[in-house]
Structure formats: C-alpha cells, structure tokens
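Welcome, and thanks for taking a look at this one. Below is a short tour that goes from the whole chain down to single residues, so keep the viewer open as you read.

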Amino acid sequence: MIRKKAIIFGVTGQDGYYLTKLLLKKNYIVHGIKRRSSSVPTNRISSFLNQKNFKIHYGDLTDTSSIYNIIKIVKPDEIYNLAAQSHVGVSFYTPIFTANVNAIGVLAILEAIRTIKKEIKFYQAGTSEMFGKTKEKFQSEKTVFNPQSPYGAAKVFAHQITQNYRDAYKIFASNGILFNHESHLRGDNFVTKKIVSSLTRIKNGKQKKLVLGNLYSKRDWGHAADYVEAIYKILQQKKPDDFVIATGRDCTIKEFVNKTAKIINLGIKWRGNGLNEIATDKNGKTIISIDKKYFRPLEVDYLKGNAAKAKKILKWKSKISLEDLIKEMVQNEPK
Ligand code: NAP
Ligand code: F7E
C-alpha cells in the first residue's frame, strides 16, 4: 500500500502535535517544518522525533525559498498550514511580521503548489477572529468578515487567497474557520492556559496573584484534539470547501475563571468593577486583579460558532465538554 505524505507547517504548535498524532495513527508519513528558533526537541513533538514516519525540515513561512524547496523535495499529497504568529494581542505589537507570516506566507505555499504539483491538497488554518465585530449571534460560513486586529486581517487575506487559488487554478484548497480550541499544550500566554496554570499555582501556594485583562469578552472554546479531526476530514472530502468548526456554546473569561476555580476547589469571591474588579480567596486576600496592559486596542467581544455545515458534510461535532477540557488542563499542570 502506498502511504500518503503530508507536510505540516506549524508542527511545533498545539495543533501541530494533535494533527501529527492523528496522521501517524492513520499511517501517513509526516514531514514537519520547524524554524531555527523553534524550541525543538520541544515537549510537544519530542515523542515523535525518533519515529521513522516523522521527518523534520528547517523552514520558515517568511522565507519563500525554504517553502518552495521543501514542497519540491517532499511532493506531498497534503499540506496542512497551521503555522502563524497566532497571538491576537501580540499582533498589535508585531503587525508587519504577523502579516508576513499569516498572509504572505500562505500565498507563498499556494504559489509553490501551483508551480510544483497542482494535485497537492491544501488546508489553511482560518479563524473566528476573521468575523471580528459581528452582529450575528451564531457565526457561520456566510457571516461577513470584520476583523479587529492585524492577526484577523492577515487571516482574512489568507482565507480569500486560498479561495482564489481554488477557483483560478482548480487547486484542492480548503479553509477551516476554527473557533478557539485549547488543551494542556496551549501556549502559556493564551487566557485559558494562563488561568488554569495560575489558579493551580495559587492553590498550591506557588503564586500569589493572577492578573488579567478584559473579563467580559465571550469565546466558544473547544478541545484541540476534537478540532484536528475536523481539519483532517476537510481534506478528505470530494470537493474543496470552507467550514466553521465550533462547539456552539459561549462563555466569558470570568465564567472560565469561576469554572476553573470550582474544579480545583479554590473558593473565590468577586467585588468591584472595571479596572478595580478583584477576586479574593477565603481569607479575603486578593488573588485576581485587572491590569489595562492586557486589554487590546480593539476587542472582539463575542464569538459563538454555527458548525451545522461541518455536522452535515463532515459528520463532525465537538465531543469534549468545556468542564472536561478544563479538567484535562488542570490534570496536566505540574503538581
Ligand atoms: P501555536 O501553538 O501558536 O502554533 C503556531 C505554530 O506556527 C508553531 O509551530 C510556530 O513555530 C509556527 N510558526 C510561527 N511563525 C512561523 C514562521 N514564520 N514560519 C514557520 N512556522 C511558524 O498555534 P495553534 O493554537 O496550534 O494554532 C494553529 C493554527 O491555527 C494557527 O495558524 C492559528 O492562527 C490557527 N488558529 C488557532 C486557533 C486556536 O484557538 N488554537 C483558532 C483558530 C485558528 P515555533 O515553534 O517555531 O514558534
Ligand atoms: O484571548 C481576553 C482577551 O489570547 C481570549 C488564538 O488561538 O483564538 C485565540 O485568540 C480573550 C480575549 O485568545 C487576558 O482580551 C483577558 O478577549 O486566549 P486569547 P484569542 O484572542 O481569542 C482565536 C480563534 C485564534 O485564532 C488565535 O490564534 O481573553 N483576555 N485577559 C486575555 N487574553 C490573554 N491572552 N491574556 C490575558 O491576560
């Protein structure tokens, strides 16, 4: 049997880990791309490094020649582009770098596919941040994009150029529009991981305080292990297409804090408002406060996805509850 070959850009990230695990299980040969600066062997992909079906190449989405060369050498069946400067807040500080990686880097992959082997199937990691400020209660594939950050704007370019290459050159190029998805492998500076790690450390007497930004934005949080299954299914369809991947439930940051505190059995009480809002422990000590440095110049207040199309066509739905996601994150925190 001929084995399928896949290239994963962004293999060292959270989704890179879960997708590699899935593809290796499905007997793929996986070629992962890491940067010179990637922390490899990292705790995320170190378990794959000695597997014969997993190969690592140096590359960078800001270096078009590296993308071209890797695709030319490997000539894969599928390319999954998970690589990005993925932090929305940071994108306000590094907007040009963010656009180079998240927008122009995607175009460079598509151009390489067009010139080297048009039969390669391509997946682009799009995001609910493309919806940005929206009036729609549930966002679907039909919702108009209105991004509120350099990150979101660059991802809109990537989404649309992927559609252009699909239409103009008949390349099998598909977009996922994924809502927030987390796991114990989430980067430390995303809010869920920050909350779970900090509250666990506070409970264990290893940290005094958790400092947050906007407590009232709402997000639709799923588990990354569930979401990479959808990513894989998107490339196994007969036709290229775009799909919203979401749970359909929403939760504020404050509610996420409360759920986490309950799971780790840390009693907290909120008082005050605005920048003066705090949470205290059972002894009245302040353990959570707010700092405006964690607020963004523009905020996306509300995201909740409608994944009906994915349910119908991909036969996909989110399986892991928010409580189970938080429990998995808590269980994997250092004791
Ligand atoms: P992540 O953990 O931050 O991983 C990002 C990956 O991109 C890392 O492997 C990183 O490599 C790589 N990367 C960054 N800059 C690069 C460059 N210049 N050249 C090559 N690789 C580069 O992100 P994730 O949560 O797994 O998300 C995966 C993708 O889905 C991203 O595109 C993200 O924007 C998108 N997305 C994520 C979510 C979510 O909630 N997680 C939702 C929607 C869309 P290093 O190790 O070298 O830094
Ligand atoms: O922020 C608020 C913050 O950075 C969530 C990325 O994977 O999902 C992610 O982007 C919310 C925002 O994720 C802090 O203002 C409050 O409203 O965890 P986050 P994100 O911006 O939603 C999308 C779908 C992606 O595509 C991205 O790649 O939480 N918030 N206090 C905070 N956020 C952070 N990071 N840190 C705080 O202290």
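## Confidence and overall layout

This is a predicted model, and the chain averages a pLDDT of 97, with 99% of the residues scoring at least 70. Among the elements of the chain, the highest mean pLDDT, 99, belongs to strand β5 (residues 121-127), while strand β3 (residues 54-58) has the lowest, 96.

The domain assignment splits the chain into two domains, each built from separate stretches of sequence. Domain 1 takes in 5-183 + 220-249 + 301-320, and domain 2 takes in 191-216 + 252-294. If you place a C-alpha centre in domain 1 and another in domain 2, the two lie 32 Å apart.

## A pair of helices: α4 and α5

A good place to zoom in is helix α4 (residues 95-116), which packs with helix α5 (residues 150-169). Their axes are 8 Å apart and meet at an angle of about 10°. Angles under 35 degrees count as roughly parallel, and α4 and α5 are therefore roughly parallel to each other. On the α4 side, the contact is made by P95, T98, A99, N102, A103, V106, L107, L110, E111 and R114. On the α5 side, the residues are P150, Y151, A154, K155, F157, A158, I161, T162, Y165 and Y169. By type, the residues of this contact divide into 14 nonpolar, three polar and three charged.

The spacing of such a list is easy to read with one rule in mind: an α-helix has 3.6 residues a turn, so residues three or four places apart point the same way.

One residue of α5 deserves its own look: is Y165 buried or exposed? Y165 sits in helix α5 and is buried, with a relative accessible area of 8%. Leaving aside neighbours within four places in sequence, Y165 is in contact with L107, L110, E111 and R114, as well as K170 and I171. For a sense of distance, Y165 and F9 are 156 residues apart in sequence, and their C-alpha atoms are 19 Å apart in space.

## Helix α10 and what covers it

Next, try helix α10 (residues 322-331), whose buried residues are L322, L325, I326, E328, M329 and V330. What covers these buried residues includes the helices α1 (14-25), α6 (191-203) and α8 (253-263). The strands β7 (181-182), β10 (222-223) and β12 (251-252) are also among the covering elements.

## Two residues with positive phi

Most residues other than glycine have a negative phi. Two exceptions are worth checking in your viewer. N265 is not a glycine, yet has a positive phi of about 60°. N265 is placed in the loop between α8 and β13 (269-271), and is exposed, with a relative accessible area of 60%.

K315 likewise is not a glycine and has a positive phi, here about 55°. The loop between α9 (308-314) and α10 holds K315, which counts as exposed at 63% relative accessibility.

## Three more residues: buried, partly exposed, exposed

Which residues does F179 touch, not counting those up to four places away in sequence? The list is S128, F131, Q139, D220, Y227, V244, I245, A246, L303, K304 and G305. F179 is found in the loop between β6 (173-178) and β7, and at 1% relative accessibility F179 counts as buried. One of the residues touched by F179 is Q139; the two are 40 residues apart along the chain, with their C-alpha atoms separated by 9.9 Å.

V211 lies in strand β8 (residues 210-212) and counts as partly exposed, at 24% relative accessibility. Apart from neighbours within four places in sequence, V211 is in contact with K194, S289, I290, D291 and Y294. The C-alpha atoms of V211 and A279 are separated by 10 Å, with their positions 68 residues apart along the chain. Finally, K293 is placed in the loop between β15 (286-290) and α9 and is exposed, with a relative accessible area of 56%. K293 and N81 are 212 residues apart along the chain, and their C-alpha atoms are separated by 31 Å.

Methods. Residues are numbered from 1 along each chain as its sequence is written. Chains are lettered from A and ligands numbered from 1 in the order in which they are written. This is a predicted model: local features need pLDDT of at least 70, side-chain atom pairs count only at pLDDT 80 or more; totals for chains, interfaces and linings use all residues. Side-chain values use heavy atoms; hydrogens and water are left out. Domain bounds come from an automatic or database domain assignment. pLDDT is the predictor's confidence in each residue, from 0 to 100. Helices (H or I, at least four residues) and strands (E, at least two) are DSSP runs, numbered from the N terminus. Axes are lines fitted to C-alpha atoms, for helices over the stretch in contact, and angles run from 0 to 180 degrees between N-to-C directions. Angles under 35 degrees count as roughly parallel, over 145 as roughly antiparallel, 65 to 115 as roughly perpendicular and the rest as oblique. Contact means heavy atoms within 4.5 Å. Ala, Val, Leu, Ile, Met, Phe, Trp, Tyr, Cys and Pro count as nonpolar, Asp, Glu, Lys and Arg as charged, and the others, Gly among them, as polar. Buried means under 20% relative accessible area, exposed over 50%, partly exposed in between (1.4 Å probe, protein chains only).
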